[in-house]
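Trainee: Could we go through how enclosed space, a ligand site and a domain arrangement are read from a structure? Please take one feature at a time.

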Amino acid sequence: MRIAVFNTKPYDRRFLDQANAAFGHDLHFLEPRLEPGTVSLAAGHGAVCVFVNDIVDAAVLETLAAGGTRLVALRCAGFNNVDLAAALRLGIDVVRVPAYSPHAVAEFTIGLLLAVDRHIPRAWARVRDNNFALDGLIGRNLHGRTVGVVGTGKIGALVARSLRAGFGCEVLASDLYPDPALEALGVRYVPRDTLLREAEIVTLHCPLTPDTRHLIDTAAIAAARDGLVVVNTSRGALIDTAALIEGLKSRKIGAVALDVYEQEADLFFEDLSNEIVSDDQFQRLLTFPNVLVTGHQAFLTEEALAAIAQTTLRSVADAEAGRMLANRVDSGWIAPSK
Ligand code: NAD
């Protein structure tokens, strides 16, 4: 099938080209992201392939449908950037990659937590400057600390398991569907409010939905333990950034590690080192010594990129052959308000 692959970077091309040897699709790589101003580039393509920050709203989908596109293939797990109700109405199928390597994200999450909690980036910067003083670098043991894991699906379960069985943390969890295997390890499921009140460290692994949007907000921060450490490798809008900044300024929050950011679509995945970044909130976040930000790279491993390419191209082949779409985003996910 002819596929317009939006928002492509050299690593996307490499892994998609490799996987395509087995499928023979006609891949048309495009650098811009999909949005109202670029959607015309998809005309005549049966499928578009997009990533987390492409805009797949009703207007974009209408133009896609008019141009003959019948499939949106997300090369990621999350699909909060797609108007599913509009896709359903227009007869456009939406597929995603539900699991490519939860280990990639889980391992990066633990890495971020250790890095911010033990001041590793600051220590590295000091040593490069021949400053071997240790003042200000005192950390805390993870062992014995209470960590709250919000969302114990594929990624959250690995994080919870690692923290509990590996590091010996007390692990609290919140999910709509408790995992008995985690409970057997001693992970305790509690209501989300209890988790946010009792945890010393909170790590977010639930999807972005109306229920989880801004789950870390002013009220949650006020009710949290002093010195709370917040880790987010899921979706930026799970956190109210303005509230987070206030929590950091008041010292209620002890440290923050983010791989995702509410307004990341205007920043991440691009080299802006020669630009003036006008997002004041983001710039303020970077000024705190106890904040560590990475640019949505938790998924970025060889194994994950290979699996993403393979699953995406197989879904397109299934759609072309009229086979059942195993990775179709079900219309049951459409929020009642939409
Ligand atoms: P998953 O679907 O396996 O797990 C999500 C879990 O969250 C499920 O167990 C679900 O029941 C639970 N959940 C849903 N609503 C909830 C709520 N209101 N409160 C608590 N739990 C709730 O997904 P996953 O593969 O583990 O991925 C988790 C998230 O990680 C994704 O939604 C995606 O946004 C993010 N992600 C980020 C990256 C990255 O590179 N930073 C890569 C992949 C995925």
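Mentor: Rolling a probe the size of a water molecule over the atoms shows where empty space is left. Here the second largest cavity holds about 60 Å³ of space, where a cavity is a set of points, on a 1 Å grid over the protein atoms alone, at which a 1.4 Å probe fits but cannot get out, and the volume is the space filled by probe spheres set on points joined across faces, edges and corners. This is a predicted model, in which local features need pLDDT of at least 70 and side-chain atom pairs count only at pLDDT 80 or more, while totals for chains, interfaces and linings use all residues. Residues are numbered from 1 along each chain as its sequence is written, and side-chain values use heavy atoms, with hydrogens and water left out.

Trainee: Which residues line the second largest cavity?

Mentor: The lining, meaning residues with an atom within 4 Å of a point, consists of Asn7, Lys9, Tyr11, Asp12, Phe51, Arg75 and Phe269.

Trainee: What polar contacts does the ligand have with Lys154 and Ile155?

Mentor: A polar contact is a pair of N or O atoms within 3.5 Å. An oxygen atom of the ligand is 2.7 Å from a side-chain N or O atom of Lys154, whereas for Ile155 a backbone N or O atom lies 2.8 Å from a ligand oxygen.

Trainee: Where do the domains lie in the sequence?

Mentor: The bounds come from an automatic or database domain assignment, which gives domain 1 as 2–100 + 302–332 and domain 2 as 102–293. Their C-alpha centres are 30 Å apart, and the contact (heavy atoms within 4.5 Å) takes 13 residues from domain 1 and 10 residues from domain 2.

Terms used:
A polar contact is a pair of N or O atoms within 3.5 Å; within protein, one must be able to donate a hydrogen and the other to accept it, and residues adjacent in sequence count only if both atoms are side-chain atoms. On a 1 Å grid over the protein atoms alone, a cavity is a set of points where a 1.4 Å probe fits but cannot get out, and a pocket is an open set with protein on both sides within 12 Å along at least five of seven lines; lining residues have an atom within 4 Å of a point.
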